[in-house]
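Colleague: Walk me through this one, please. Start with the terms for accessibility.

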Amino acid sequence: MNRIGIVILLFVGVLVVVAIVRAMSGKGRKTIDRRMEDVVGGGGGFDAGISAELDARMIAGKRGERFQIISDLLKGKTFFKKIDLALIAAGIPLKPVEFLGLVVLSTLVMTVIGIFVGKKVLMTVLFTLIGFKLPFMVLNFLRGRRIRIFESQLSDSLTMISSGLKAGYGFLQGINAAAEQMPPPISEEFRRVVRSAQLGMEMRDALERMGQRVQSYDLDMAITACCVQ
């Protein structure tokens, strides 16, 4: 293949990388919020038990599951659940089947690039592995970054909740106040806790669900202390 063809293929590869990062990060704060509510609360998602009770505005913002047949086949599989939790922990507005679609696309494109650029089996295999691993690398990076940001906000949030309790407010009111005053991502998770409690879920269960979503050791310790109290 001539140099022009190689440049074109490499350019396509860069576009694929950009598309993966863009799809996994969302186009804006509003888009991420809307998609995360769809991922976390709807269509058999992580908090599907309360999804039927969400208000009309939120339900109207949802859309049908893509690749429904594939999703039904993979639902319940251990790796599928792990991907689901990892996406939610990373704050990525994708469902597991959509993420797997990105993995397949990335793998195929990088394999084609490897075939035409490398012209050797070893090079093709290397490009294929890169294409397969790339979405997972982005996922792990975004998850780790979100957890670090969350943990950096946790101390101030607990102080705010504690001050509210000393002032005579209830625990749920304290969490709601922290959700209103703190920035994302902790405000997003606190709002989900408040909404779950308002819809009838036990506070202990709502907090434990938040811990499962965030996957932070510091938060797990704080939730354990709250549940003991």
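Modeller: Buried means under 20% relative accessible area, exposed means over 50%, and partly exposed is in between, with a 1.4 Å probe and protein chains only. By that rule F132 is partly exposed, because its relative accessible area is 38%.

Colleague: Ground rules?

Modeller: The model is predicted, so local features need pLDDT of at least 70 and side-chain atom pairs count only at pLDDT 80 or more, while totals for chains, interfaces and linings use all residues. Residues are numbered from 1 along each chain as its sequence is written, and side-chain values use heavy atoms, with hydrogens and water left out.

Colleague: What is the mean pLDDT of the protein?

Modeller: The mean is 78, and 69% of the residues reach 70 or more. pLDDT is the predictor's confidence in each residue, from 0 to 100.

Colleague: Which elements have the lowest and the highest mean pLDDT?

Modeller: Helix α4 (residues 56-60) has the lowest at 38, and helix α9 (residues 171-181) the highest at 93. Elements are DSSP runs numbered from the N terminus: helices are H or I, at least four residues, and strands are E, at least two.

Colleague: Where does pLDDT stay under 50?

Modeller: Over residues 28-32, for which the model has five contacts beyond four places in sequence, and over residues 48-64, for which it has 22 such contacts. A contact is heavy atoms within 4.5 Å.

Colleague: New topic. How many aromatic pairs does a search of the whole structure find?

Modeller: Three. One of them is F99 with F136: the ring centres are 5.2 Å apart and the planes are at 85 degrees, so the pair is edge-to-face. F99 is in helix α7 (residues 96-118) and F136 in helix α8, 37 residues apart, so to speak of the pair is to speak of a link between distant parts of the chain. Rings of Phe, Tyr and Trp (its six-membered ring) pair if their centres lie within 6.5 Å; planes under 30 degrees apart are stacked, over 60 edge-to-face, the rest tilted.

Colleague: F99 and F136, buried or exposed?

Modeller: F99 counts as buried, at 0% relative accessibility. F136 counts as partly exposed, at 25%.

Colleague: And F132 with F136, what are the distance and angle?

Modeller: The centres are 5.4 Å apart and the planes are at 45 degrees, so this pair is tilted. Both residues lie in helix α8, four residues apart, about one turn of the helix. F99, F132 and F136 form one aromatic cluster.

Colleague: How many cavities of 30 Å³ or more are there?

Modeller: Two, and the largest has a volume of about 90 Å³. A cavity is a set of points on a 1 Å grid where a 1.4 Å probe fits but cannot get out, and lining residues have an atom within 4 Å of a point.

Colleague: What lines the largest one?

Modeller: Its lining includes L154, F171, I175, F190, M210 and C226. The lining divides into 12 nonpolar residues, no polar and no charged. Helix α12 (217-228) gives the most, with four residues.

Colleague: Last one. What does V194 touch?

Modeller: L172, I175 and N176, not counting residues up to four places away in sequence. V194 is in helix α10 (residues 186-198) and is buried, with a relative accessible area of 5%. The C-alpha atoms of V194 and L172 are separated by 6.6 Å, though the two are 22 residues apart along the chain.

Key
On a 1 Å grid over the protein atoms alone, a cavity is a set of points where a 1.4 Å probe fits but cannot get out, and a pocket is an open set with protein on both sides within 12 Å along at least five of seven lines; lining residues have an atom within 4 Å of a point. Grid points are joined across faces, edges and corners, and a volume is the space filled by probe spheres set on the points. Ala, Val, Leu, Ile, Met, Phe, Trp, Tyr, Cys and Pro count as nonpolar, Asp, Glu, Lys and Arg as charged, and the others, Gly among them, as polar.
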